[in-house]
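Trainee: I have a predicted model with a ligand in it. Can we go through the contacts and the terms used for them?

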Amino acid sequence: MLIAPPEVRLPTRDAVERAVRELDRRLGPSKVDVSEARREAHARDDSAAAGRLPDAVVLAEGRDDVRVALEVCEKHAVPVTPRAAGTGRTGGAVPVAGGVVLATQGMASIVDIDRHDLVAVVQPGVVTGALHAAVEAEGLFYPPDPNSLSSCMIGGNVAENAGGPRAFKYGVTRDYVLGLEACLMGGRVLRTGRRTIKGVTGYDVTSLLVGSEGTLGVFTEIALRLVHAPTEIATVLALYSDVAAAAAAVTRVIARGLVPRCLELMDAWSLEAIRRQGVSIDLRASAMLLVEVDARSAGGGGSASLDATLEALGETLSEGGHAIDVVAAQDEAQRARLWEARRMLSMATRKLAKYKLSEDVVVPRSRLVALLDEAARVCEREGVRHLTYGHAGDGNMHVNFLWDDDGERPAVDRAIEGLMRATVELGGTLSGEHGIGVSKAAYLPLEQGPELIGLQQDLKRVFDPSGLLNPGKIFPTGHRAC
Ligand SMILES: Cc1cc2nc3c(=O)[nH]c(=O)nc-3n(C[C@H](O)[C@H](O)[C@H](O)COP(=O)(O)OP(=O)(O)OC[C@H]3O[C@@H](n4cnc5c(N)ncnc54)[C@H](O)[C@@H]3O)c2cc1C
């Protein structure tokens, strides 16, 4: 069931025709696709946000294509929606005003991997998993690992400030973006940031652009910080009879000062979704923690510190006697199977109901148990089915609302709003990694005051005075869920 597009200004037919003619002439017809099939394929992302069919898709192959597209579209007052892989969860790449979708998947070069300065320079269409493989082949490491990494792209990751399971130890995309080349609406080219470790020159425009959801500029080149790859990794699975016991174990791990690189929690229905994929999990378990630790030993030999961490982790997860089982993966194949199950969870949960909406709220880690209680309370109040899993170590949980009948939708909307309000009351925030996009724009005022929203809209006007770059995103408009 789709969420209706927000109320935005649409381009006139004349304007679109003039823009497409000029794009065709300046970029060449092979880069300007107006076929129904291409437009359909670029009208949606992985969210429930409904867009309008774009009038054309520009298939950019380099910075100059992006620059020309933004110049021509501004001249003819045609909106532009930047797009990478389209795995976004909040409608960021959905063209809610029609116009042009600016597709960057053809800009997929890894320009440089510098082993000495620990920097990679990439184009925005590089698939995240491909970057991982390329830097790991050099003994280096790019930690951000959204679970969509086999298809999502670095441009989309930077625009959403993507996170992933490893964020608990290593942080999110913003922590690795050193500098950007971005084209602004109208065709100006901006270079921000640095390739050095330190640097405090001027305002931190790079950080402003990271997480801007394609509303301020279109990235054409990205400089990323790398680190040396860990030499040892161990994965531990802990099973509990209820989710509160699992959440309490997360709190204990943090309180003890342990820093696993991943600390993922799955509740009873999430386990059921995994079981239905053919993965066998002890039937007594109603909650699971997937915990991963890593270390880098300078000499390349075994690391005593990893063994000590694993021991402390085992003790902490088992403490209180609530764990059904705590086991370490025995080999690489078993480790890979556990992560495969976690990474396919989002797809697997889709099979549990006809409709699913997933929220990615965050609370201070000490309030994790309270968040799980609140999610259960609002869902019970509204009679809505839900399941919860996510990056518990960061307090970032994906609460999924499931329903089968169209008539249940108003109750789902009330449950989502209840969750948003509870999150803010617990000192949390509406999104940890998926952004606001279209899907959450209506809820932004629950968290941010009018002054802050107004200031951000002023900033948007500085970058994009005509308001043509990715309109209808982040800020509330006449949007209404249907
Ligand atoms: C199965 C699954 C698992 C997921 N797991 C995670 C997870 O663990 N962590 C996480 O953070 N997210 C996750 N996501 C969400 C999604 O993958 C991320 O938001 C990802 O960063 C989007 O990348 P993309 O290439 O698909 O971008 P798109 O969806 O194409 O675009 C996302 C946003 O980026 C903008 N954009 C795209 N390219 C550019 C550019 N060159 N310049 C400026 N703006 C641009 C778009 O306008 C849009 O606003 C998951 C999604 C799925 C389907």
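Trainee: Which backbone atom of Gly86 lies how far from an oxygen atom of the ligand, and what makes that a polar contact?

Mentor: A backbone N or O atom of Gly86 is 2.8 Å from a ligand oxygen. A polar contact needs a pair of N or O atoms within 3.5 Å, so this pair qualifies.

Trainee: What about Ala84 and the ligand?

Mentor: A polar backbone atom of Ala84 lies 2.8 Å from an oxygen atom of the ligand.

Trainee: And why does Asn470 count?

Mentor: Here a polar side-chain atom sits 3.3 Å from a ligand oxygen. The cut-off is 3.5 Å, so Asn470 makes a polar contact too.

Trainee: How much of the ligand's accessible area does the protein cover?

Mentor: The protein covers 98% of the 980 Å² that the ligand has on its own.

Trainee: Where does the ligand sit?

Mentor: In the largest pocket. Around the ligand are 37 residues; Pro82, Ala84, Gly86, Thr87 and Ser148 come nearest.

Trainee: Which element gives the largest share of that shell?

Mentor: α5, with 5 residues. Elements giving two or more residues include β3 (80–83) and β10 (218–225).

Trainee: How does the shell divide by class?

Mentor: The shell has 13 nonpolar, 18 polar and 6 charged residues.

Key:
Residues are numbered from 1 along each chain as its sequence is written. This is a predicted model: local features need pLDDT of at least 70, side-chain atom pairs count only at pLDDT 80 or more; totals for chains, interfaces and linings use all residues. Side-chain values use heavy atoms; hydrogens and water are left out. A residue is near a molecule or strand if one of its heavy atoms lies within 4 Å of it. A polar contact is a pair of N or O atoms within 3.5 Å; within protein, one must be able to donate a hydrogen and the other to accept it, and residues adjacent in sequence count only if both atoms are side-chain atoms. Accessible areas come from the Shrake-Rupley method with a 1.4 Å probe; for residues, only the protein chains shown count as cover. On a 1 Å grid over the protein atoms alone, a cavity is a set of points where a 1.4 Å probe fits but cannot get out, and a pocket is an open set with protein on both sides within 12 Å along at least five of seven lines; lining residues have an atom within 4 Å of a point. A molecule sits in a cavity or pocket if more than half of its atoms lie within 2 Å of its grid points. Helices (H or I, at least four residues) and strands (E, at least two) are DSSP runs, numbered from the N terminus. Ala, Val, Leu, Ile, Met, Phe, Trp, Tyr, Cys and Pro count as nonpolar, Asp, Glu, Lys and Arg as charged, and the others, Gly among them, as polar.
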